Amino acid sequence: MLYHGSCSYGVTFILPHLKQTLPQALFPPDQRKTQWLRHEAAASPSGRRRELRDRGAAEAASGQEGEHAGSGARARALQGWGPAGGAHAPERRCRRRPGEGPDGVREGPGRRTVADEVREDGMEHLERCAWLLRGALVRAAVRRYLPWALAASMLAGSVLKELSPLPESYLSNKRNVLNVYFVKVAWAWTFCLLLPFIALTNYHLTGKAGLVLRRLSTLLVGTAIWYVCTTLFSNIEHYTGSCFQSPALEGVRNEHQSKQQCHGEGGFWDGFDISGHSFLLTFCALMIVEEMAVLHEVKTDRSHCLHAAITALVVALGFLTLIWVWMFLCTAVYFHNLSQKVFGTLFGLLGWYGTYGFWYLKSFSPGLPPQSCSLNLKRDSYKE
């Protein structure tokens, strides 16, 4: 009885005390208040909406803080200060937000990427180079004085070769890169680059396919001139030459009646070899300069679809013209004799003047490039 009474007395005394202390220990006052607010919010629709709005704002704020921390860590990593995000930084979620790139940087239609910047820088350099070449080759003074400059340089180089020959160099070797891969196929380079240039520029100015085809026929005329002249030079060398046993022109081999047979048997053919390089380089350089005169009328901005193509062709044709002039000077200094180079250059000048200076002024011809010219005859004959 004493034990039972003491237990009842203990339970009666401890139970009220536990009711007061246990909730305080398990649920602090702030947490109990939060639980009560959540219970009320769940019971009230307006309170529920308010809770959802507050929770969304809190998550957005925490997300922005994470982005700032991540971007700062990435910046430190790029500068060599530490790994991106830090050693103890939480991992970034793989799910991207709308308009966000793989690295978390916001993207949009107005944002410039690295590829765009590289492309624009390359285009700026190409335009600057085209502007320099255009200023050097498209002027009327260049078209007027270039034929005389080529003739004078040929004579000066030939006299220098006869009186004071220059020492042997890489350019004096017929197997140099420029001679093998450019001069040997000079007309092919000129044809392939002038074809799209004439087509694009003339169509941009006239918009008529018939006039474009008419102007492209200048390449057929040039091909005919190249073929006729080179064949003529080969026949002249054949009928005026003989086969010898050595370069010193000793020991005539009468059994070989052609240059191919002579070279095939180890002999040396000596004939009047008109300089094909002097002819072809003169004709190609003057033809390119004449066709590039159309750039006075071509006005395109960077947004135009033909701007990049025309700019690239201007640069290619400009460098090709410089190569032709440079190799013409090397031919004058290192190869052939004076009479052979005089005849070669003369044929090149006649081919240029006979077309652009005489025939293309007529109405029944391919015509000149469309350009503002002081001679109304040239402009009117082209538009007929």
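## A tour from a salt bridge to a pocket and a patch

Begin by selecting Lys 259 and Glu 237, whose side chains meet in a salt bridge at 3.0 Å, N to O (a side-chain nitrogen of Lys or Arg within 4 Å of a carboxyl oxygen of Asp or Glu). Because Lys 259 lies in helix α9 and Glu 237 in helix α8, the pair ties together parts that are 22 residues apart in sequence; helices (H or I, at least four residues) and strands (E, at least two) are DSSP runs, numbered from the N terminus. At 27% relative accessibility Lys 259 counts as partly exposed, whereas Glu 237, at 9%, counts as buried (buried is under 20% relative accessible area, exposed over 50%, partly exposed in between, with a 1.4 Å probe and protein chains only).

Bear in mind that this is a predicted model, in which local features need pLDDT of at least 70 and side-chain atom pairs count only at pLDDT 80 or more, while totals for chains, interfaces and linings use all residues. Residues are numbered from 1 along each chain as its sequence is written, and side-chain values use heavy atoms, with hydrogens and water left out.

Keep Lys 259 and Glu 237 selected and add Asp 273, Ile 274 and His 336: of the 33 residues that line the largest pocket, these five lie nearest its centre. A pocket here is an open set of points on a 1 Å grid over the protein atoms alone, where a 1.4 Å probe fits, with protein on both sides within 12 Å along at least five of seven lines, and lining residues have an atom within 4 Å of a point. The space in this pocket is about 1100 Å³, a volume filled by probe spheres set on the points. Colour α8 (209-239) next, since helix α8 supplies six lining residues, the largest share. By class, the lining has 13 nonpolar, 14 polar and six charged residues.

Which other pair should be selected? Of the two salt bridges found in the whole structure, one joins the side chains of Arg 215 and Glu 291 at 2.9 Å, N to O. Arg 215 in helix α8 and Glu 291 in helix α10 are 76 residues apart, so this pair links distant parts of the chain. Arg 215 is buried, with a relative accessible area of 0%, and Glu 291 is buried at 1%.

Finally, select Leu 155, Leu 338 and Val 342, which form a nonpolar surface patch with about 210 Å² of accessible area together. Such a patch joins nonpolar side chains (Val, Leu, Ile, Met, Phe, Trp, Tyr) within 5 Å, from residues with over 30% relative accessible area and no salt bridge. Leu 155 is found in helix α5 (residues 140-163) and, at 43% relative accessibility, counts as partly exposed.

Notes: Patch = residues over 30% accessible without salt bridge, like charges linked within 9 Å, V, L, I, M, F, W, Y side chains within 5 Å. Areas by Shrake-Rupley, 256 points an atom, 1.4 Å probe, with all protein chains shown as cover. Nonpolar A, V, L, I, M, F, W, Y, C, P; charged D, E, K, R; others polar.
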